[in-house]
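Grab the model and work through a few short exercises. Each one comes with a worked solution, so try it yourself before reading on.

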Amino acid sequence: MAETVYHRITITGDPGSGKSTFAAAVQAKTGYKLITTGNMFRALAAKKGVSVTELNEMAATQGDIDKQVDDYIKSLNHEKDHLILDSRMAWHFIRHALKIRLTVDPDVAVRRIYNDKETKWRERFPDMETAMEDVRRRRESEVWRYNELYGVDISDPANFDIVINTSHITPDETLAQFEDAFKKYLDYLETPAIQAEAA
C-alpha cells in the first residue's frame, strides 16, 4: 500500500500583497489546514510591546526570535496532514512544497494597508508618506535578515514556483493563477521519484 504524499503549499508575500486573503482563499479551495506563522510573530511582538516592524529589526541581532519560528516550521515536515503555510521562510524549510510568492507595487501596497478599515495603520501613522517609509523599512529588514541568516534572497523569484503580482488583479484572478500552478504541483507529486521517497 502506497504511503500518502502530503501536500504542502507555502505562501509568502510583500506587506499589502493580499497574502492573508489569498491564504484564506486557498484554504477554502483545498480544505487544507492553514498555519500562519505571522500570527506567531505578531503575538511575540505584542508580548514584547513592540510593532512587527520593530520586532523584525530586533530579530536582525537577536537570533532566538527567528529560531523559535523557524524550528516550528521545520517540524511541520513530519506533520501527517495537507498544509498551507503562510510564512516568510516555509518555502526554504519545507520539502516538496508548491512555493508561491505574492508581490505588489509599493504605492499600491501602502494604499491598501492604509485604507484597510480592519487595520490600525491610520492610528499609527499620520500620513501615507510615513506608512510608505514603514513598509520600505520592513521589506528591507526582512530581505537583509534572511540573507544573513540563511544565505537566501526572499525577494528572488527564482526561489518560487510561481510569483503573482497582485497590484492590478482581483483576488479571484490571483486564485485562478494558483489553481493552474496547483494542478502542475499535483502532477509533480505523482512522479516516480516523489512516490519512491514516500514509500
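**Exercise 1.** Decide whether Tyr32 and Phe182 are buried or exposed, then classify how their rings meet.

Solution. Keep in mind that this is a predicted model. Start with accessibility: Tyr32 and Phe182 are both buried. Next, take the ring geometry: the centres are 6.2 Å apart and the planes stand at 70°. Planes over 60 degrees apart count as edge-to-face, so that is the label for this pair. Finally, place the partners: Tyr32 sits in the loop between H1 and E2, while Phe182 belongs to helix H9, so the pair ties together parts 150 residues apart in sequence.

**Exercise 2.** Find the aromatic pair made by Phe22 and Phe178, and work out which parts of the chain it ties together.

Solution. A search of the whole structure turns up seven aromatic pairs. In the pair of Phe22 and Phe178, the rings are 6.0 Å centre to centre with 80° between the planes, which is edge-to-face. Phe22 comes from helix H1 and Phe178 from helix H9, so this pair bridges parts 156 residues apart in sequence. Now check burial, where the cut-off is under 20% relative accessible area: Phe22 comes out at 5% and Phe178 at 1%, so both count as buried. To finish, follow the ring pairs outward: they link Phe22, Tyr32, Phe178, Phe182, Tyr185 and Tyr188 into a cluster.

**Exercise 3.** Work out the strand order of the sheet and say which strands stand at the edges.

Solution. The sheet is open, has five strands with parallel pairing, and reads E2-E3-E1-E4-E5. Strand E2 (33–36) and strand E5 (162–165) each have a single partner strand, so one side of each is left without a neighbour in the sheet. From one strand to the next, the twist averages 20°. Zoom in on E4 (residues 98–103) and E5: they pair in the parallel sense over four bridges, and Ile100 has Ile162 in E5 as its bridge partner. Now add helices. H2 (residues 37–48) lies across E2 and strand E3 (83–86), at about 35° to E2. H9 (residues 171–189) lies across strand E1 (8–13), E4 and E5, running at about 160° to E4.

**Exercise 4.** Describe the surroundings of Thr174 and of Lys19.

Solution. Thr174 is part of helix H9 and, at 4% relative accessibility, counts as buried. Skipping residues up to four places away in sequence, Thr174 touches Phe22, Leu102, Ile164, Thr166 and Ile169. Its C-alpha atom is 9.7 Å from that of Ala25, although the two residues are 149 apart along the chain. Lys19, in helix H1 (residues 19–30), is buried too, with a relative accessible area of 15%. Beyond four places in sequence, the contacts of Lys19 include Asp86, Arg88 and Leu102.

**Exercise 5.** Which residues of helix H3 are buried, and why do they line one face?

Solution. In H3 (residues 52–59), Thr53, Leu55, Asn56 and Ala59 are buried. Look down the helix axis: these buried residues fall within an arc of 160°, so they line one face.

**Exercise 6.** What stands out about the phi of His96?

Solution. Most residues other than glycine have a negative phi. His96 is not a glycine, yet its phi is positive, about 50°. His96 lies in the loop between helix H5 (90–93) and E4 and is partly exposed, with a relative accessible area of 27%.

Notes: Residues numbered from 1 in each chain as written. Predicted model: local features only at pLDDT ≥ 70, side-chain atom pairs only at ≥ 80, totals over all residues. Heavy atoms only, no water. Pairing = 2+ DSSP bridges. Helix = DSSP H or I, 4+ residues; strand = E, 2+ residues; numbered from the N terminus. Axes fitted to C-alpha atoms, helices over the stretch in contact; angles between N-to-C directions. Contact = heavy atoms within 4.5 Å. Buried < 20%, exposed > 50% of the residue type's maximum accessible area, 1.4 Å probe, protein only. Arc of directions from axis to C-beta. Phe/Tyr/Trp six-rings, centres within 6.5 Å; stacked < 30°, edge-to-face > 60°.
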